[in-house]
Amino acid sequence: MKTADLHLHTHFSDGTFSPEELAARAQGHGFNALALTDHDTLDGCERMAFACATHGIEFIPGAELTADVDGKEVHILGYWLDAGSTRLVSELRRFQAARQQRIHDSVARLNAAGIPLQVENVLAIANCASPGRPHLARALVEAGHANDYDHAFERYLKKGRVAFVPKARMTAAEAVQLIHGAGGAAVLAHPALYRNDGLIPKIVEAGIDGIECWHTRHSESATNNYIRLAAELGLVATGGSDCHGLAKGTPLIGSVKLPYTHVEALAARRPARSDS
Ligand code: AMP
Ligand code: ZN
Ligand code: FE
Ligand code: FE
């Protein structure tokens with residue numbers, strides 16, 4: 001059976017693997033198709049496309065966007081996104097700038113609380129256009145302010161802690177329009193993680209094409225519930241590992257194997273591209 005993983009991160013956002021390393025591992029797991037879905041960036045897609053081609057793996061360029069629904073953060077995955085789409089790329093740049101500002105704000109809050117940390121160190125660790133809290137966590141551990149990655153979140157970075165700064169969000173409708181405008185398909189990422197299925201009707205109304213039913217952190221019963229829901233709503237059931245490399249311990253790639261027929265069903269929902 002042909003299989004795909006439609007949710008992967010590299011060091012172009014908060015993963016640790018390079019595109020080449022990820023593609024090589026994917027080949028080891030026997031995948032036929034992969035999507036790269038780094039946060040707010042397509043920067044890794046060119047290298048990933050090349051690396052996949054060398055392994056005979058189909059590549060789908062994508063990104064994971066952050067949206068707001070009723071004050072809650074949800075993630076929307078975009079697939080078949082084109083780095084030549086000017087509106088999409090300028091929006092991604094705007095969100096990358098907000099992420100960089102967020103690092104400055106977080107570090108300023110740490111410094112004000114008497115914890116010395118330098119923005120330059122965090123940005124050097126991130127070494128990408130889309131820095132996030134995982135990079136702050138690594139910097140805090142390196143500087144000896146936390147024992148490990150989870151401790152850094154627990155102590156400084158999670159909501160309510162001193163270094164927490166909310167992330168920029170677009171509305172779910174804006175995210176879907178941006179993706180569709182670029183000729184892509186839009187999927188609600190890991191719905192079980194929001195613990196609030198009441199948000200789903202609003203996201204469906206925004207025009208999503210699919211629901212990520214298979215995800216490493218979805219229980220079997222959650223997966224089955226979302227598969228049923230997707231079928232009821234006429235949406236495509238998708239899935240991916242959400243592998244961040246070694247950022248969170250064991251690499252997750254291989255933990256989810258989406259039957260390729262679901263990729264074809266998602267591809268069939270792509271609109272004609274309207275921006276340029
Ligand atoms: P950001 O996009 O900058 O808000 O960072 C979100 C990333 O941090 C996600 O990849 C999460 O898995 C990770 N993360 C969020 N909260 C925690 C936590 N309490 N412990 C460990 N990792 C976390
Ligand atoms: Zn991430
Ligand atoms: Fe996510
Ligand atoms: Fe993700």
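Where is Asp70 found? Asp70 sits in the loop between S3 and S4, and we'll come back to its backbone further down. Keep in mind that this is a predicted model. The briefing starts with the metal ions, then moves on to a helix pair and a few residues worth finding on screen.

**The zinc ion (ligand 2)**

- Start with who holds the zinc ion (ligand 2): the protein donors are Asp14, listed twice through OD, plus His39 (NE2) and His244 (NE2), at 1.9 to 2.4 Å from the ion.
- If you like reading motifs, the donor residues follow the spacing D-x24-H-x204-H along the sequence.
- Asp14 belongs to the loop between strand S1 (3-5) and helix H1 (19-28), while His244 belongs to the loop between strand S8 (236-240) and strand S9 (258-259), so this pair ties together parts that are 230 residues apart in sequence.
- What about the geometry of the zinc site? The angles among the 4 donor atoms run from 53 to 136 degrees, and the site is irregular. Four donors count as tetrahedral if all angles lie between 85 and 135 degrees, so a range of 53 to 136 degrees doesn't qualify.
- For comparison with a textbook, the ideal angle for four tetrahedral donors is 109.5 degrees.
- Are Asp14 and His244 buried or exposed? Both Asp14 and His244 are buried.

**The iron ion (ligand 4)**

- Now for the iron ion (ligand 4), whose protein donors are His7 (NE2), His9 (NE2), Glu64 (OE) and Asp242 (OD), 2.0 to 2.3 Å away.
- Here the donor spacing reads H-x1-H-x54-E-x177-D.
- His7 is in the loop between S1 and H1 and Asp242 is in the loop between S8 and S9, which makes a link between distant parts of the chain, 235 residues apart.
- This site is irregular too, with angles of 76 to 164 degrees among its 4 donor atoms.
- His7 and Asp242 are both buried.
- How far is the iron ion (ligand 4) from the zinc ion (ligand 2)? The two ions are 4.4 Å apart.

**The iron ion (ligand 3)**

- Glu64 (OE), His75 (ND1) and His190 (NE2) coordinate the iron ion (ligand 3) at 2.0 to 2.2 Å.
- You may recognise Glu64, since it is also listed as a donor of the iron ion (ligand 4).
- The spacing of the donor residues is E-x10-H-x114-H.
- Glu64 lies in strand S3 (residues 58-69) and His75 in strand S4 (residues 72-79), so the pair ties together parts that are 11 residues apart in sequence.
- Glu64 and His75 are buried.
- From the iron ion (ligand 3) to the zinc ion (ligand 2) is 5.9 Å.

**Helices H5 and H6**

- How do helix H5 (residues 133-142) and helix H6 (residues 149-157) meet? Their axes come within 9 Å and cross at roughly 100 degrees, and that makes H5 roughly perpendicular to H6.
- H5 brings Arg133, Pro134, Leu136, Ala137, Leu140 and Val141 to the contact, and H6 brings Tyr149, Ala152, Phe153, Tyr156 and Leu157.
- Sorted by class, the contact has 10 nonpolar, no polar and 1 charged residues.
- The buried residues in H5 are Pro134, His135, Leu136, Ala137, Ala139 and Leu140.
- Their cover includes helix H3 (86-112), H4 and H6.
- After H5 comes Gly144, with a positive phi near 80 degrees.

**Ala126 in H4**

- Ala126 has its place in helix H4 (residues 119-126).
- Why does Ala126 count as buried? Its relative accessibility is 5%, and buried means under 20%.
- Leaving out residues up to four places away in sequence, Ala126 touches His11, Pro131 and His135.
- Ala126 and Ser13 are 113 residues apart in sequence, but their C-alpha atoms are 7.7 Å apart in space.

**Positive phi at two aspartates**

- Most residues other than glycine have a negative phi.
- Asp70 isn't a glycine, but it has a positive phi of about 50 degrees.
- Asp242 isn't a glycine either, and its phi is positive at about 65 degrees.
- Asp242 lies in the loop between S8 and S9 and is buried, with a relative accessible area of 11%.

Notes:
Residues are numbered from 1 along each chain as its sequence is written. Chains are lettered from A and ligands numbered from 1 in the order in which they are written. This is a predicted model: local features need pLDDT of at least 70, side-chain atom pairs count only at pLDDT 80 or more; totals for chains, interfaces and linings use all residues. Side-chain values use heavy atoms; hydrogens and water are left out. Donors are N, O and S atoms within 2.8 Å of the metal (3.2 Å for Na, K and Ca); water is not among the atoms, so sites may look incomplete. Four donors count as tetrahedral if all angles lie between 85 and 135 degrees; four count as square planar and six as octahedral if opposite donors are over 155 degrees apart and all others between 65 and 115; anything else is irregular. Helices (H or I, at least four residues) and strands (E, at least two) are DSSP runs, numbered from the N terminus. Buried means under 20% relative accessible area, exposed over 50%, partly exposed in between (1.4 Å probe, protein chains only). Contact means heavy atoms within 4.5 Å. Axes are lines fitted to C-alpha atoms, for helices over the stretch in contact, and angles run from 0 to 180 degrees between N-to-C directions. Angles under 35 degrees count as roughly parallel, over 145 as roughly antiparallel, 65 to 115 as roughly perpendicular and the rest as oblique. Ala, Val, Leu, Ile, Met, Phe, Trp, Tyr, Cys and Pro count as nonpolar, Asp, Glu, Lys and Arg as charged, and the others, Gly among them, as polar.
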